[in-house]
Amino acid sequence: MKSFFHKILSVALASLVFVTTMSFTVDMHYCGDSLVDFALFHNAQTCGMENQSSQKSCEAGFSEKSCCSDSQIVNDGQDDLKTSYTNLSFEHQAFVATFFYTYINLFDGLDKNIVPFRDYTPPYLVRNVQKLHETYLI
């Protein structure tokens, strides 16, 4: 169960880093007040009404503004990730070296099986007192 939780957590954190560093663009095309097309990674398709000529006569002297509009939302990803740790100060290097030295030497003396009463002989038993009095620890 614990390894399964670690795997899920590592995938979640990796996807979080991926999503925060990814940049994307949302492109939307409106015709009037209604959304005609929505595109996430490419340009939105137009409805074709912006190419039509104006219905006004030529003597008016101005063209009518198109009813179509494009909207674009740009999300720039995070580019300031620190990818290398080669520029460590002397204090950081000393801390890392001390930490690893103490951590490695922490378990040196634990390989031996230390028995403090190995050199002493067991007591001489004349009779088994627990069996004699029928008192047993359970």
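The UniProt annotation "signal peptide", from an unreviewed entry, covers residues 1-25. In this predicted model, that stretch is 80% helix and 8% strand. Its end C-alpha atoms lie 40 Å apart. The protein chain as a whole has three helices and three strands. Three of these elements, the strands, form an open antiparallel sheet in the order β2-β1-β3.

**Overall make-up**

- Along the sequence, the elements follow the pattern α-β-β-β-α-α.
- The protein chain has 138 residues, and buried residues make up 7% of them.
- The exposed surface of the protein chain comes to about 13500 Å². Carbon and sulfur atoms supply 60% of that area.
- Take the contacts in the protein chain with a separation of 6 or more: residues 24 or more positions apart account for 47% of them.

**The sheet**

- Strands of a sheet pair through backbone hydrogen bonds, either parallel or antiparallel. Here the pairing is antiparallel, in the order β2-β1-β3.
- β2 (34-39) and β3 (68-75) stand at the edges. Each has a single partner strand, so one side of each is left without a neighbour in the sheet.
- From one strand to the next, the twist averages 20°.
- Strand β1 covers residues 24-31 and pairs with β2 over five bridges.
- Eight bridges join β1 to β3, and these two strands also run antiparallel.
- β1 and β2 form a hairpin with two residues between them. In the turn, G32 has a positive phi of about 75°.

**Bridge partners of β1 residues**

- V26 has I73 as its bridge partner in β3.
- M28 stands opposite F38 in β2.
- H29 has D37 as its bridge partner in β2.

**H29 and D70: a polar contact between β1 and β3**

- H29 sits in strand β1, while D70 sits in strand β3.
- Is H29 buried or exposed? H29 is buried, because its relative accessible area is 2%, and the cut-off for buried is under 20%.
- D70 is exposed, because its relative accessible area is 58%, and the cut-off for exposed is over 50%.
- The side chains of D70 and H29 make a polar contact of 2.5 Å.
- Leaving aside neighbours within four places in sequence, D70 is in contact with M28 and H29.
- D70 and L35 are 35 residues apart in sequence. Their C-alpha atoms are 9.7 Å apart in space.

**D27: a buried aspartate in β1**

- D27 lies in strand β1.
- At 11% relative accessibility, D27 counts as buried.
- Which residues does D27 contact, leaving aside its neighbours within four places in sequence? They are D37, F38, A39, H42, N43, A44, S71 and Q72.
- Among these contacts, D37, F38 and A39 fall within β2 (34-39).
- S71 and Q72 are also among the contacts of D27, and they fall within β3 (68-75).
- In a regular strand the side chains alternate between the two faces of the sheet.

**E134: a positive phi after α3**

- E134 is found in the segment after α3 (129-133).
- Most residues other than glycine have a negative phi. The phi of E134 is near 50°, a positive value in a residue other than glycine.
- Is E134 buried or exposed? E134 is exposed, with a relative accessible area of 63%.

**Points to carry away**

- The annotated "signal peptide" covers residues 1-25, and strand β1 covers residues 24-31.
- β1 pairs with β2 over five bridges and with β3 over eight bridges.
- Two residues of β1 are buried: H29 has a relative accessible area of 2%, and D27 has 11% relative accessibility.
- Two exposed residues are D70, at 58%, and E134, at 63%.

Notes. Residues numbered from 1 in each chain as written. Predicted model: local features only at pLDDT ≥ 70, side-chain atom pairs only at ≥ 80, totals over all residues. Heavy atoms only, no water. UniProt positions renumbered as here; feature names shortened; annotations may be inferred. Helix = DSSP H or I, 4+ residues; strand = E, 2+ residues; numbered from the N terminus. Pairing = 2+ DSSP bridges. Axes fitted to C-alpha atoms, helices over the stretch in contact; angles between N-to-C directions. Buried < 20%, exposed > 50% of the residue type's maximum accessible area, 1.4 Å probe, protein only. Contact = heavy atoms within 4.5 Å. Areas by Shrake-Rupley, 256 points an atom, 1.4 Å probe, with all protein chains shown as cover. Polar contact = N/O pair within 3.5 Å; in protein donor to acceptor, adjacent residues only side chain to side chain.
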